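Hi everyone, thanks for making time. Let me put the model up, and then I'll walk you through one part of it.

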Amino acid sequence: MENIDDFYKRSQHAESSSLEMKQLVKAWHTKLNTLPLSKLKQLKLWQQTEVTNSSSKPLPVLQQRQNAVERIRFVMNYKTEYGLVGVMIGSAEVLGSWTPAKSYKMSWTEGNNWVADIPTAKLGDEFEYKYAIQNLAKMSIDKWEKGENRKWSVKSLEMLLNESINSSHAEQTSEFYFEHNGVKMIYINNKKELILREYWKA
């Protein structure tokens with residue numbers, strides 16, 4: 001695979017109207033998100049404004065990685081009986097560190113949707129979790145969802161978001177809708193909030 005420094009130099013000499021430039025733009029969308037911050041600073045591509053080279057010709061990547069996720073709204077659809085509530089139990093301390101008694105209680109909303117709004121700073125970069133149903137009277141778990149643990153990382157979610165926006169060539173809007181592995185996601189731009197609409201694993 002081409003060295004990133006050689007790739008960068010080649011991009012500076014490609015004509016903006018050429019097929020090569022179009023191919024470079026597409027390739028950069030993927031490559032840029034794999035680079036550590038130190039390399040972005042070295043190439044001067046970490047800025048959120050347009051960057052140009054010495055000849056004032058725009059580089060093929062502009063305004064990438066600009067959308068950050070500061071809060072995640074988890075939405076889980078499940079119909080429960082009276083006295084039972086939806087909870088999240090997971091690896092992060094805010095999710096109880098896999099201790100049922102410390103699980104994160106979700107809020108019921110219309111349509112049998114259970115909602116949890118959690119800042120990404122409390123989740124950590126990588127986290128695992130499951131949805132469960134808690135008996136309020138007994139303060140015990142009545143039912144766990146089946147299947148493997150759900151796994152996400154804040155970095156991977158941000159990469160999915162930005163790759164989806166860049167590949168769609170959508171104009172900047174207050175909300176952006178996309179989907180990954182059956183999970184419907186909505187990004188609320190002014191809140192830097194990502195909504196994950198998930199379903200109970202029966």
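I'll start with a sheet, move to the helix on it, and end with the cores.

A word on the source: this is a predicted model, where local features need pLDDT of at least 70, side-chain atom pairs count only at pLDDT 80 or more, and totals for chains, interfaces and linings use all residues. Residues are numbered from 1 along each chain as its sequence is written, and side-chain values use heavy atoms, with hydrogens and water left out.

So, the sheet. It is open, with 6 strands in the order 4-5-1-11-10-9 and mixed pairing; strands are DSSP runs of E, at least two residues, and helices are runs of H or I, at least four, numbered from the N terminus. Two strands pair if DSSP finds at least two bridges between them. At the edges sit strand 4 (107–109) and strand 9 (175–180), each pairing on one side only. Strand 9 runs antiparallel to strand 10 (183–188), over 6 bridges, and Tyr-177 has Ile-186 as its bridge partner in strand 10.

Now, which strands does helix 5 touch? Helix 5 packs on the sheet against strand 1 (71–77), strand 9, strand 10 and strand 11 (193–199), contact being heavy atoms within 4.5 Å. Its buried residues (under 20% relative accessible area, 1.4 Å probe, protein chains only) include Leu-157, Leu-161 and Ile-165. Just after helix 5, His-169 takes a positive phi of about 55 degrees.

Last, the cores: a nonpolar core is a set of buried Ala, Val, Leu, Ile, Met, Phe, Trp, Tyr and Cys residues joined through side-chain atoms within 4.5 Å. The largest has 37 residues, and Phe-74, Met-88, Tyr-129, Trp-152 and Leu-196 touch the most other members.

How values were computed. Buried means under 20% relative accessible area, exposed over 50%, partly exposed in between (1.4 Å probe, protein chains only). Axes are lines fitted to C-alpha atoms, for helices over the stretch in contact, and angles run from 0 to 180 degrees between N-to-C directions.
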